[in-house]
Amino acid sequence: MRKAEVLTLLREAGGYLSGQELCGRLGVSRTAVWKIINQLKEEGYGIEAVPNRGYLLTASPDLLEEGEIRSRLRTRWAGGNLICCRTTGSTNADAKAEAERGAPEGTLVVAERQEAGRGRRGREWFSPEGSNLYFTLLLRPACAPDQACMLTLVMALAAAEAVREQGLDAGIKWPNDIVISGKKVCGILTEMSAEPDFIHYVVIGTGINVNQTVFPEGITETATSLRLEKGESVGRAQLLASVMEHFESAYARFLKTRDLSGIRADYESLLVNKGRPVRVLDPKGEYEGTAAGIRENGELLVKLPDGRMECVYAGEVSVRGIYGYV
Ligand code: ATP
């Protein structure tokens, strides 16, 4: 992937990089470098070429293309195997198919658009082309199947941390929605293939509303995007790379204890429900209480009006604020 290498070197240089240095680092001829630079320009990259100084990267298009993403990834394993597509049914479905074919942990499927983007319990995830992030990370965790559901909270923390790097006050609505100003900017769907005591693989799909400005009827009141909240558009490849970096760190902490004790403090510091009244939409009966935090297994602790503490398991349940979505 020569394009990715050239982009990486230009980014790392942070200024002009001589053609000679580029040739040396890549082990290719001047003509080959020149060809790659021209290809990049055709794709929309701004690259200045100044005699005796070299090349300077001045602008990058907002592409979700392999070279662009790879040149920004600073991870050890996440995204090592990277699959980018323009349109797909669902990145979770693609990642599962890759997993069945033996794809390694860290395989990352990214799409510009999903035709059948899904949320939890078969709900739809609005996934139009060109402005948002839809990606699925494949994991093969060495833990028991009942521990894997915690990974959805691990990804929520990573996504919230990455969004906060944009200067936005993003929080987590338990278990795994990222919200800004009480509206949802990100949803996560975790799925697993397992036997009773052995995990084949886990896929974690994440959709982030990045530069979307209009939402369809039905979610206009509850959905927002980073661009709407920030007032300017956000580079998607960089955001994706940042989510992956944060995920690697949080996942390493998860694997040490196979629970959330290593990330609980960070997660709770971003948990918007904490200390607030919540309504638990349990299919067996709705009830209200005050969210107190999470347990090390990811359950939400809800203090009931009579003082008892209820542990809420995410599987079948949604949580709402008493007066609105959060
Ligand atoms: P909750 O119902 O509490 O939001 P959930 O975890 O059950 O959470 P998800 O599976 O994360 O829901 O997402 C599906 C829901 O999110 C849909 O039913 C719809 O209301 C909403 N939704 C769909 N697409 C988007 C989007 N792009 N941005 C924000 N919200 C969306």
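User: How many disulfides does the structure hold?

Analyst: Zero disulfides are present. This is a predicted model.

User: How do you know that Cys85 is in no disulfide?

Analyst: Look at the nearest cysteine sulfur. That of Cys84 is 7.5 Å away from Cys85. A disulfide needs two cysteine sulfur atoms within 2.5 Å. Therefore Cys85 is in no disulfide.

User: What makes Cys85 partly exposed?

Analyst: Its relative accessibility is 21%. Buried means under 20%, and exposed means over 50%. The value for Cys85 falls in between, so Cys85 counts as partly exposed.

User: Why is the sulfur of Cys186 too far from that of Cys149 for a bond?

Analyst: The sulfur of Cys149 is the closest cysteine sulfur to that of Cys186, yet it is 18 Å away. The cut-off is 2.5 Å. So the two are too far apart for a bond.

User: Why is Cys186 called buried?

Analyst: Cys186 has a relative accessible area of 0%. Buried means under 20%, so Cys186 qualifies.

User: What is the strand order in the sheet?

Analyst: Seven strands run in the order β3-β4-β5-β9-β8-β7-β6, in an open sheet with mixed pairing.

User: What makes β3 and β6 edge strands?

Analyst: Each pairs on one side only. That applies to β3 (82-88) and to β6 (171-173). From one strand to the next, the twist averages 20 degrees.

User: How do you know that β6 and β7 pair?

Analyst: Count the bridges. Three join β6 to β7 (residues 177-180). Pairing takes at least two, so these strands pair. They run antiparallel. Gly171 stands opposite Val179 in β7.

User: Which helices lie on these strands?

Analyst: Helix α7 (residues 151-164) lies across β5, β6, β7, β8 and β9, at about 150 degrees to β8. Helix α9 (residues 236-257) packs on the sheet too, touching β4, β5 and β9. The direction of α9 makes about 30 degrees with that of β5.

User: Which residues are closest to the ligand?

Analyst: Arg120, Arg123, Lys173, Arg320 and Tyr325 are the closest of the 16 residues that surround the ligand.

User: What makes the pair between Arg320 and the ligand a polar contact?

Analyst: A polar side-chain atom of Arg320 lies 2.7 Å from an oxygen atom of the ligand. The limit is 3.5 Å, so the pair counts.

User: How do you know that Asp177 and Asn209 also qualify?

Analyst: For Asp177, a side-chain N or O atom is 3.3 Å from a ligand oxygen. For Asn209, a polar side-chain atom lies 2.8 Å from a ligand nitrogen. Both values are within 3.5 Å, so both are polar contacts.

Conventions: Residues numbered from 1 in each chain as written. Predicted model: local features only at pLDDT ≥ 70, side-chain atom pairs only at ≥ 80, totals over all residues. Heavy atoms only, no water. Helix = DSSP H or I, 4+ residues; strand = E, 2+ residues; numbered from the N terminus. Axes fitted to C-alpha atoms, helices over the stretch in contact; angles between N-to-C directions. Contact = heavy atoms within 4.5 Å. Buried < 20%, exposed > 50% of the residue type's maximum accessible area, 1.4 Å probe, protein only. Near = heavy atom within 4 Å. Polar contact = N/O pair within 3.5 Å; in protein donor to acceptor, adjacent residues only side chain to side chain.
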